[in-house]
Amino acid sequence: MEAKTLEFLRKKFREYYLKNLKEISLPSQFEKREFGFIPFRHGKTVMVRHKGFKSFREFSDFIVNLIPSDVYYSSAYYKNPSEEKMSEKGWLGADLIFDIDCDDIQDSCQKSPAEHKFWRCLDCGETFDENVSFCPVCNGSRVEEDYWLCELCLSRAKDEALKLFTILEEDFGINQKHITVVFSGHRGYHLHVEDEAVISLGADERKEIVDYIRGVGLNFKAKKVRRNILSTLDISKPSFQGRISRAIYDLLVESSKKLLENGLDRKTVKKIEEKRDEILTWLSNGVEEEVLIKVLGGEGRWIKIMEKALAKTVIPIDTVVTTDIHRLIRLPGTLHGKTGLKTFTIPINMLEEFDPLTDALAFKDEKVKIKVKISRMLRFNGEIFKLSKGEIITLPLAAAIFLLARGVASLT
Amino acid sequence: MSRLVETSLTEQDLAKYPFTVDAAEYVKKKFGFLKLEEVLSPDFKPILDRAILRIKDSVTLVIKELSYQAFKPEKIEPYIEILSFPLAIALLKLIGDSYFEKRFALFEAKKASINLENEEPEKIVEIAAKNFGWRISLADFDNSHGELKIHFKDYLKNAAKIREDEWKLINQFLVGGEVYLTRKKIARLLEEEIRKHIEAKFDEVGKVTFFDVLEGVDEEVRKEFLDEINNLKNFLQARKKDIAKEFSFGDVKPEFFPPCIKNLYMDVLSGKDVPHIGRFTLTAFLIQVGMGIDEIVKIYTSTTDFDERITRYQVEHIAGIVGGKTKYKPLNCGNMKTHGLCPGEDKTCMKVKNPLTYYLRILKTSLKREKWKQRP
């Protein structure tokens with residue numbers, strides 16, 4: 001990134017922090033948390049971490065003084081948060097954190113893989129819409145792949161966050177008021193659970209929660225397990241029992257052509273066709289699996305259907321984030337250094353209609369002239385901009401900062 | 001943990017569950033604070049005898065052969081059964097070998113668990129809530145998922161260590177934060193909890209020496225007691241040797257194992273919880289050095305989640321007899337370090353990259369030495 005751009009971003013971030021310190025809400029028991037910051041600088045990013053604060057004042061002074069590009073805090077509570085050695089920090093517990101990232105979603109996106117990426121020459125900073133093995137501008141061979149924000153994936157990620165919220169409430173019995181849903185500021189959503197029940201869980205125990213949510217290790221083939229978790233199939237039941245019943249319903253209601261596309265074999269589909277109405281009624285009123293197995297003509301077919309349905313109910317949460325009991329996570333109210341968007345706590349009643357590219361904008365009012373280095377469509381605050389490489393364009397500040405921070409534009 | 005004053009536990013129940021707070025209260029109420037002179041008096045002889053027997057049982061009875069019938073407290077005065085438990089802990093502390101402490105904790109936990117399986121659900125709830133702070137209650141659904149429900153936190157704290165798939169959270173009926181379970185499964189989880197609880201008791205007591213205990217005790221009583229303890233100690237040591245012998249095998253020489261494998265081996269033998277990766281590497285090692293499948297399976301009998309069928313399958317899998325047909329090797333030293341299984345290197349370790357090479361190297365040297373000794 002050019003020095004001029006870096007300086008401009010830092011100046012704008014500074015203005016944001018001076019005006020919006022109130023927007024930052026320190027996490028509960030912040031005196032027991034470790035904080036980490038990435039300063040604006042050229043070259044390699046180095047995090048300043050093991051910081052601890054006793055008061056909001058101390059924290060805000062630090063931020064205003066440093067003007068970091070990114071701010072993190074620990075999901076963990078420590079006796080001595082500013083100790084550098086993990087063994088001496090004195091781990092007291094940690095919030096349960098979930099991360100739903102576009103990375104884990106884009107495989108099933110209807111847009112092409114190339115639309116989710118762009119390429120950048122590490123030598124001259126030139127960017128490209130297509131993969132190149134060497135830079136046609138400077139002949140450099142160090143070309144790196146970077147993500148391009150996909151609105152479809154972001155919207156899917158939000159749906160998954162909503163699904164996860166429901167599972168935490170229904171299956172895990174966690175009170176709404178202990179769950180915070182946060183837009184990361186770029187490509188994902190975080191859910192923070194601050195409930196006394198989960199704080200002391202170790203990594204192995206969190207791994208079990210991850211597997212539960214990702215649907216790993218479910219032993220459908222064992223009748224004993226099935227009888228236990230799915231004694232009746234009933235779309236009105238709470239938690240897993242209802243969720244899988246609804247997924248089975250949604251699957252079987254599809255046309256026979258769709259069922260075949262979904263990987264069910266001809267014989268199974270024929271059986272479903274014959275009895276579709278009855279099956280759907282049963283699922284609505286509650287039915288034992290024996291009845292369905294009989295109608296389908298085999299346990300194997302039933303298991304296949306359940307496996308297909310299961311795939312629709314699981315959530316692709318990041319496994320590492322949740323099992324890491326020392327994780328540093330973005331602090332809500334601060335800015336994301338790669339986008340200039342806010343890491344934003346979304347009130348639950350707003351989650352459904354939340355639009356990150358309108359609701360998480362940190363910069364408003366001004367306009368800036370920039371030179372874009374990429375040809376893409378960009379929608380910001382409801383406006384659509386058609387960018388073409390090499391063009392000089394005047395954009396609203398938030399959109400301009402986004403492109404500058406992504407490294408796909410320069411100041412004129 | 002809230003301490004309820006009332007209890008529905010009878011004296012007989014306390015005899016079955018002498019690790020409970022109620023049992024401790026009972027002892028306090030009935031005997032006050034006991035001094036050693038009192039404990040060593042003839043009145044207490046039956047209790048001392050029972051305590052010694054408890055300890056002996058913990059190293060002689062085969063855990064998986066325990067049955068509910070074998071432990072009818074009616075056969076013995078409840079107060080003897082109750083008091084002999086803390087006394088046994090004190091005696092073991094005097095002996096000061098953590099191997100026996102672990103055996104004792106495991107044995108007592110298994111015993112209690114077998115009794116709990118057949119206990120009234122209400123009683124299970126009381127014991128789990130009062131002693132271990134579990135959020136547990138009677139199931140409110142139909143009983144098809146089990147008679148009891150516990151908070152997922154209490155479930156995970158004990159079940160995450162059990163390796164069978166059947167115990168994974170995803171294979172449980174979980175609604176509103178509560179896991180629905182049968183009495184049998186709850187008893188199994190409580191076994192984990194009780195074992196940890198008893199092990200922690202040993203740590204609480206701290207180190208006890210003969211000098212501290214016997215200060216001011218009458219000479220004769222003192223001698224008698226010391227004799228008892230020495231006899232017990234000798235018995236235990238002999239038993240430890242027997243156990244080691246039971247587990248010594250043909251030409252495999254445990255004394256040549258590298259430090260990491262030695263640790264894993266001893267941990268498994270003493271019933272300690274060894275992570276999966278540790279079991280894997282130990283098993284692969286033992287297979288590679290030529291130990292038989294049966295012998296390897298036998299080694300794992302002391303582990304808390306032992307299931308012969310599953311263990312055998314896993315051992316056979318690592319041996320390449322079933323499954324992918326690959327005969328696995330133990331992790332190399334770098335990976336052992338990553339997983340925290342390397343206790344630190346000795347001289348020979350410096351020269352090798354895999355625990356197996358260590359063993360073969362030492363073995364070779366020793367064979368050479370033997371040959372040299374036997375030269376004409």
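**Exercise 1. Which are the buried residues of α15(A)?**

Before we start, a word on the ground rules. The model is predicted, so local features need pLDDT of at least 70 and side-chain atom pairs count only at pLDDT 80 or more, while totals for chains, interfaces and linings use all residues. Residues are numbered from 1 along each chain as its sequence is written, and chains are lettered from A and ligands numbered from 1 in the order in which they are written.

*Solution.*

Step 1. Find the helix: α15 of chain A covers residues 397-406. Helices are DSSP runs of H or I with at least four residues, strands are runs of E with at least two, and both are numbered from the N terminus.

Step 2. Apply the burial test: a residue is buried if 20 or more other C-beta atoms, placed from the backbone, lie within 10 Å of its own. In α15(A), 9 of the 10 residues pass.

Step 3. Name them: Ala398(A), Ala399(A), Ala400(A), Ile401(A), Phe402(A), Leu403(A), Leu404(A), Ala405(A) and Arg406(A).

Step 4. See what covers them. These buried residues pack against α1 (3-20) and several strands of chain A, including β14 (367-372) and β18 (409-411). After the helix comes Gly407(A), with a positive phi near 80 degrees.

**Exercise 2. Describe how α7(B) and α9(B) pack.**

*Solution.*

Step 1. Take the geometry: α7 (residues 121-132) and α9 (residues 183-205) of chain B pack at an angle of about 25 degrees, their axes 12 Å apart. The axes are lines fitted to C-alpha atoms over the stretch in contact, and angles run from 0 to 180 degrees between N-to-C directions.

Step 2. Classify it: α7(B) is therefore roughly parallel to α9(B), the label for angles under 35 degrees.

Step 3. List the contact residues (C-beta atoms, placed from the backbone, within 7 Å). α7(B) gives Pro121(B), Ile124(B), Ala128(B) and Phe132(B), and α9(B) gives Arg183(B), Ile186(B), Leu190(B) and Glu193(B).

Step 4. Sort by class: 6 are nonpolar, none polar and 2 charged. Here Ala, Val, Leu, Ile, Met, Phe, Trp, Tyr, Cys and Pro count as nonpolar, Asp, Glu, Lys and Arg as charged, and the others, Gly among them, as polar.

**Exercise 3. Characterise chain B's side of the contact with chain A.**

*Solution.*

Step 1. Count: 21 residues come from chain B and 25 from chain A.

Step 2. Locate: α8 (152-159) and β3 (173-175) of chain B each supply at least two residues of that side, and α8(B) has the largest share, with 4 residues.

Step 3. Classify: chain B's side has 8 nonpolar, 7 polar and 6 charged residues.

Notes: Angles under 35 degrees count as roughly parallel, over 145 as roughly antiparallel, 65 to 115 as roughly perpendicular and the rest as oblique. Two residues are in contact if their C-beta atoms, placed from the backbone, lie within 7 Å. A residue is buried if 20 or more other C-beta atoms lie within 10 Å of its own, exposed if 12 or fewer, and partly exposed in between; C-beta atoms are placed from the backbone.
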